[in-house]
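Work through the exercises below with the coordinates loaded. Each task is followed by a stepwise solution.

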Amino acid sequence: MRKKRIAHQHPPPDFCDMEIKNPHFEVVAEAIRYIRQQQSQQPTLEEISNHVHLSKFHLQRVFKEWAGVSPKGFLQYLTVEKSKDLLRAGQSTLATSYQMGLSGRGRLADRCVENASSQPRHTKR
């Protein structure tokens, strides 16, 4: 009879410890904080990367790896969600566009269609 090999089992790593030890976790967390704080100014990838002290190319890769979406995609999602709240509260599409740092109603409509597959006017109802 052959003996079965038993692999040495290590306890599973503590996910929180892994996050703290991985420098990319903190970079992405800081980038997310910055995007949330600056969302009405619609920061560019270059502005975000300068804030976290990475090249924009490296930030793009690291952010997508950790968050599952690009920094721009994350910003667009936040913009659409905040815009929906403002529109539901009765704010006009033009005022909402300007408050979110967009150039006008058309840009807001583009963001809504890209991220929510609906027009802003449908959100107001």
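**Exercise 1. Contact range and overall make-up**

Task: Among contacts between residues at least 6 apart in sequence, find what share joins residues at least 24 apart.

Solution. Step 1: take a contact as heavy atoms within 4.5 Å. Step 2: keep the pairs at least 6 apart in sequence; of these, 50% join residues at least 24 apart. Step 3: note the source. This is a predicted model, where local features need pLDDT of at least 70, side-chain atom pairs count only at pLDDT 80 or more, and totals for chains, interfaces and linings use all residues. Residues are numbered from 1 along each chain as its sequence is written, and side-chain values use heavy atoms, with hydrogens and water left out.

Step 4: list the elements. Helices (H or I, at least four residues) and strands (E, at least two) are DSSP runs, numbered from the N terminus. The chain has eight helices and zero strands. Step 5: add burial. Buried means under 20% relative accessible area, exposed over 50%, and partly exposed in between (1.4 Å probe, protein chains only). Of the 125 residues in the chain, 33% are buried. Step 6: add surface. Areas come from the Shrake-Rupley method with a 1.4 Å probe; for residues, only the protein chains shown count as cover. The accessible surface of the chain is about 8,800 Å², and carbon and sulfur atoms hold 52% of that.

**Exercise 2. Helix 2 and its inner face**

Task: Compare the span of helix 2 with the expected value, then state which helices its buried residues pack against.

Solution. Step 1: the expected span is 1.5 Å times one less than the number of residues. Step 2: helix 2 covers residues 23-37, 15 residues in total. Its first and last C-alpha atoms lie 21 Å apart, close to the 21 Å expected. Step 3: pick the buried residues. They are Val27, Val28, Ala29, Ala31, Tyr34 and Ile35. Step 4: find their partners. The buried residues of helix 2 pack against helix 3 (45-52), helix 4 (56-67) and helix 5 (71-88).

**Exercise 3. Salt bridges**

Task: How many salt bridges does the structure hold, and which residues are linked in a network?

Solution. Step 1: apply the criterion, a side-chain nitrogen of Lys or Arg within 4 Å of a carboxyl oxygen of Asp or Glu. Three salt bridges result. Step 2: start at arginine 33. Arginine 33 pairs with glutamate 30 at 3.1 Å, N to O. Both lie in helix 2, three residues apart, about one turn. Step 3: recall the geometry. An α-helix has 3.6 residues a turn, so residues three or four places apart point the same way. Step 4: add glutamate 26, which bridges to arginine 33 with the closest N and O atoms 3.7 Å apart. Glu26, Glu30 and Arg33 thus appear as a network of salt bridges. Step 5: check exposure. Glutamate 26 is partly exposed at 43%, as are arginine 33 at 39% and glutamate 30 at 26%.

Step 6: turn to helix 5. Glutamate 81 bridges to lysine 84, with 3.4 Å between the closest N and O atoms. About one helical turn separates the two because they are three residues apart in helix 5. Glutamate 81 is partly exposed at 29%; lysine 84 counts as buried at 16%.

**Exercise 4. Positive phi**

Task: For glutamine 42, give the phi value and decide whether the residue is buried or exposed. Repeat for histidine 53.

Solution. Step 1: set the background. Most residues other than glycine have a negative phi. Step 2: glutamine 42 has a positive phi of about 50°. It sits in the loop between helix 2 and helix 3. Its 16% relative accessibility makes it buried. Step 3: histidine 53 has a phi near 60°. It belongs to the loop between helix 3 and helix 4. At 71%, histidine 53 is exposed.

**Exercise 5. Helix 3 against helix 4**

Task: At what angle do the axes of helix 3 and helix 4 cross, and which residues make the contact?

Solution. Step 1: fit the axes as lines to C-alpha atoms, for helices over the stretch in contact; angles run from 0 to 180 degrees between N-to-C directions. Step 2: the axes come within 9 Å and cross at roughly 90°. Step 3: the contact involves Leu45, Glu46, Ile48, Ser49 and Val52 of helix 3, with Lys56, Leu59 and Gln60 of helix 4. Step 4: follow glutamine 60. Leaving out residues up to four places away in sequence, glutamine 60 touches Leu45, Ser70 and Pro71. The C-alpha atoms of glutamine 60 and proline 71 are 6.7 Å apart, with their positions eleven residues apart along the chain.
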